[in-house]
Amino acid sequence: MSDKPEFKPYTHPAGGWGAANATARVLMEQSVLAKGSRALLAMNHPDGFKCPSCAWPDPDREKTLEFCENGAKALAFEATKRTVGADFFAAHTVTDLMSRSDHWLEEQGRLTRPMRYDAATDHYVPCTWDEAYAMIGRHLRALDHPDQAEFYTSGRTSNEAAFLYSVFVRAFGTNNFPDCSNMCHEPTSRGLPMSIGIGKGTVQMKDFAHAGAIFIIGQNTGTNSPRMMTELVHARKRGAPIVAVNPMPERALIRFTEPQDPIKMATFGSTPIASEFCHVRIGGDVAFLKGVMKTLFQMDADAVAKGEPAVLDHAFITEHTDGFAALKADIEATRWPDIVATSGLSEEQIRRVAGIYAASNATIICFGMGVTQHQQGSRVIHQIANLLMLRGNFGKEGAGICPVRGHSNVQGDRTVGIDEKPTSIYLDRLQAAFGFSPPREHGHHVIESVQAMIDGTAKVFIGMGGNFIHAIPDTPVAYEAMARLDLTVGIATKLNRGHLVHGRDALILPVIARSEIDMQKTGPQFVTIEDAMSGVTRSHGVLHPTSADLRSEIEIVCRMARATLPDSTIDWEGFIDDYDLIRDKIAQVYPDLYAGFNTRIRQGKGFSLPVPPRQRIWNTPTGKANFLIFDGLDEDTPIGGPDMLRLSTIRSHDQYNTTVYTNNDRYRGVYNTRMVVFMNKDDMAARGLTDGAMAALETISSDGTQRRVNGLMVVPYPMPRGSIAGYYPELNPLLPLSHFDQIAGTPAAKSIPVRVTAAAPAAQPEPA
Ligand SMILES: Nc1nc2c(c(=O)[nH]1)N[C@H]1C(S)=C(S)[C@@H](COP(=O)(O)OP(=O)(O)OC[C@H]3O[C@@H](n4cnc5c(=O)[nH]c(N)nc54)[C@H](O)[C@@H]3O)O[C@H]1N2
Ligand SMILES: Nc1nc2c(c(=O)[nH]1)N[C@H]1C(S)=C(S)[C@@H](COP(=O)(O)OP(=O)(O)OC[C@H]3O[C@@H](n4cnc5c(=O)[nH]c(N)nc54)[C@H](O)[C@@H]3O)O[C@H]1N2
Ligand SMILES: [Mo]
């Protein structure tokens with residue numbers, strides 16, 4: 001195949017041989033065939049390690065293999081034989097590395113030893129671990145106030161490391177915990193408690209087998225949580241309808257072949273997935289949800305008038321909810337023409353979906369970034385909860401809300417203390433368990449931390465995993481702000497852009513990965529994670545660490561703490577030797593969740609944390625599940641004129657967030673480029689754009705800043721009119737820092753108002 005950018009629509013089912021071949025190829029390319037397949041056998045097994053890719057739980061049924069194409073990719077790129085050591089950094093200045101693509105940086109391999117930035121030569125040079133810790137301690141102790149430091153966490157970090165990190169940072173004196181979840185499911189964590197008293201999903205894996213219908217709103221299952229496809233295939237095979245709501249007809253939501261189904265593989269068979277595909281406009285989900293609820297109210301009134309069984313679950317509504325009358329008034333006042341115009345869906349289709357929902361005795365609604373990353377993302381979730389409550393779909397087998405989380409431990413990190421707004425109960429327990437008084441002032445989330453860097457009040461940035469600089473909005477502004485910091489520290493497995501956009505002093509600290517053996521004084525250690533359904537499980541690495549000079553995240557946290565807080569009475573060294581001691585402390589700080597942690601985690605596959613709505617217990621101020629009202633239908637502030645397009649920044653099939661595996665996106669038919677914009681043919685024609693034309697996008701905003709990305713290939717695609725899409729992180733320069741959800745602080749990355757400006761030539765940096 002040529003290496004020219006091209007668009008060739010994909011017409012096969014997703015999964016199947018394409019996925020099986022891609023799995024074999026990626027293991028081969030990363031030269032990890034032998035060790036990779038050994039590791040794959042151990043992935044997601046009770047005595048193995050948890051897949052580093054997504055937060056979807058393991059099924060209850062026994063299978064010999066429990067991985068997917070994208071899990072295999074994540075593993076292959078983690079277990080790769082390629083390494084970047086001292087020689088690599090000696091051969092490249094940081095300026096040189098900056099000119100390379102993200103894909104190229106990722107391809108170079110695993111970090112092997114601690115490195116320090118040397119401004120005199122513009123190279124990263126080797127340093128010892130002790131020098132690194134001393135540098136961190138020196139910078140942190142030199143600050144006027146602990147709030148001048150920002151402590152980022154990405155969601156691969158284990159419960160044990162995240163818990164100790166939060167203890168260290170609070171003992172140091174700040175609650176500045178920007179976290180990847182701030183950009184992700186924070187609207188779930190902050191918005192959903194207002195409805196049902198907890199910011200977590202209420203379904204368990206076994207519910208999928210009992211659901212009468214499943215909705216998937218704004219989530220690209222086949223790419224981002226492929227193991228969830230198994231549940232969808234099973235549901236369809238037993239006749240449960242699936243409703244997909246998405247501006248892109250994602251391939252796996254239409255047809256799918258399980259790569260682990262030998263008969264379907266041999267016969268090239270496949271299963272249709274969505275029985276109803278709702279081609280919603282970007283930001284049209286509230287209109288859709290209100291339309292479904294409007295139909296339900298009408299059906300209920302008709303049924304009652306005819307003396308037939310009610311459509312709404314009035315017993316549940318009376319006993320368990322608050323705010324029903326106000327919701328009913330709001331929904332009934334919402335007009336069909338507005339619902340149709342905003343959602344882009346026909347009244348007929350919305351009524352049909354309401355019929356599916358009304359006919360199902362137990363419904364699960366799943367959702368992803370297509371819901372959360374809007375200016376009113378949290379309030380869209382309230383409407384999802386409302387719809388579920390109308391038919392008592394909480395605390396019932398086969399029913400509930402299912403936020404499909406991203407990073408494999410993003411939910412767990414928040415549970416064990418990575419929270420810029422900690423509760424006083426938690427802080428009191430922390431004080432009792434560790435004997436220091438933690439700061440009570442709330443700290444920074446991601447947006448606030450970037451603002452502090454821009455304002456010059458932040459001086460130090462420490463990144464526990466992740467690639468902060470490429471995940472956040474307003475890339476060029478963020479680059480400049482980051483470069484003014486006194487110290488940046490990247491605690492990471494792989495080299496990424498975040499290590500190249502650095503402060504005056506900078507460190508790269510390489511860690512033992514999830515798949516690798518973590519050997520300490522008391523023997524090999526395991527860590528734990530909490531999946532998207534609140535299941536806590538063990539993770540034991542099985543591969544030998546890439547280099548002897550790697551350290552565990554836990555050791556790095558403890559040694560940073562010791563270097564920063566020399567007089568601390570906490571036994572940091574003891575935690576490094578024996579991770580059970582950390583779990584004992586977690587149990588002490590969270591007795592309601594983690595009592596008996598060390599015993600329970602060793603039994604079977606682990607245990608589930610309590611989710612009160614499963615028992616119809618509502619920890620809200622009213623003591624009930626609350627129907628909440630969404631004012632109007634606009635998820636995003638209307639801005640711009642008739643030429644405005646809503647841009648959604650999404651993931652390709654071959655990337656993991658900021659990690660780009662290849663420049664292809666198989667299911668969407670894009671090859672050899674990521675600089676594309678998916679657009680409806682009529683929107684193209686209205687702008688004089690032809691297939692494959694080059695275009696530039698410019699953000700529409702009122703803050704006086706010009707945000708523009710050039711060199712985008714226009715791909716004609718079945719998008720609704722006015723809705724366009726392109727890839728994250730390449731399009732993050734178009735996302736203003738001020739464009740975020742007011743409840744959660746989550747950047748509205750799925751709804752950037754833009755216009756197409758003059759055509760521009762291709763500008764894709766892809767050096768050899
Ligand atoms: N292989 C792989 N797996 C991953 C990741 C990865 O990058 N690669 N990332 C992980 C992480 S951190 C996360 S958070 C998840 C992300 O997984 P997803 O939640 O699937 O995230 P996205 O790919 O950003 O896009 C979500 C979907 O929303 C749709 N969409 C866009 N705007 C709207 C809208 O207004 N309404 C509706 N209804 N839909 C809309 C898009 O078309 C797309 O199908 O996946 C996790 N798993
Ligand atoms: N425009 C736009 N922006 C977005 C999004 C979007 O959809 N559109 N999505 C947002 C979302 S949902 C998220 S979650 C964020 C993601 O933001 P991040 O979580 O910050 O980014 P990742 O790309 O997942 O981080 C990858 C890096 O993590 C490091 N790493 C990998 N494994 C480990 C490990 O085990 N330990 C340690 N210490 N490091 C490790 C590697 O060095 C790798 O380069 O981006 C957000 N930004
Ligand atoms: Mo995420």
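## Two ligand sites in a predicted model

In this predicted model, a polar side-chain atom of Ser 648 sits 3.5 Å from a nitrogen atom of ligand 1. That pair is a polar contact (N or O atoms within 3.5 Å; within protein, one atom must be able to donate a hydrogen and the other to accept it, and residues adjacent in sequence count only if both atoms are side-chain atoms).

A few conventions will help you follow along. Residues are numbered from 1 along each chain as its sequence is written, while chains are lettered from A and ligands numbered from 1 in the order in which they are written. In this predicted model, local features need pLDDT of at least 70, side-chain atom pairs count only at pLDDT 80 or more, and totals for chains, interfaces and linings use all residues, with side-chain values using heavy atoms and leaving out hydrogens and water.

**Ligand 1.** Around ligand 1 there are 31 residues (each with a heavy atom within 4 Å), and those that come nearest are Asn 246, Glu 250, Asp 285, Arg 651 and Asn 657. By class, this shell holds 11 nonpolar, 16 polar and four charged residues. Domain 3 (201–403) and domain 4 (645–757) each contribute at least three residues to the shell of ligand 1; these bounds come from an automatic or database domain assignment.

**Ligand 2.** Here too, 31 residues form the surroundings, with Tyr 152, Glu 553, Thr 658, Tyr 728 and Asn 732 the closest. The shell of ligand 2 has 14 nonpolar, 12 polar and five charged residues. At least three residues come from each of domain 2 (83–184 + 409–600) and domain 4 (645–757).

Here are polar contacts from both sites:

| Protein partner | Ligand atom | Distance |
|---|---|---|
| Glu 250, polar side-chain atom | ligand 1, oxygen | 2.5 Å |
| Gln 655, polar backbone atom | ligand 1, nitrogen | 2.8 Å |
| His 407, polar side-chain atom | ligand 2, oxygen | 2.8 Å |
| Arg 651, side-chain N or O atom | ligand 2, oxygen | 3.1 Å |
| Tyr 728, polar side-chain atom | ligand 2, oxygen | 2.7 Å |

For ligand 2, the protein covers 96% of the 930 Å² of accessible area that this ligand has on its own (Shrake-Rupley method, 1.4 Å probe).

**Backbone and confidence.** Tyr 728 is joined to Pro 729 by a cis peptide bond, with omega of about 5°. Pro 729 belongs to the loop between β32 (723–727) and β33 (752–757), strands being DSSP runs of E with at least two residues, numbered from the N terminus. The chain has a mean pLDDT (the predictor's confidence in each residue, from 0 to 100) of 93, and 94% of its residues reach 70 or more.

How values were computed: Ala, Val, Leu, Ile, Met, Phe, Trp, Tyr, Cys and Pro count as nonpolar, Asp, Glu, Lys and Arg as charged, and the others, Gly among them, as polar. Helices (H or I, at least four residues) and strands (E, at least two) are DSSP runs, numbered from the N terminus.
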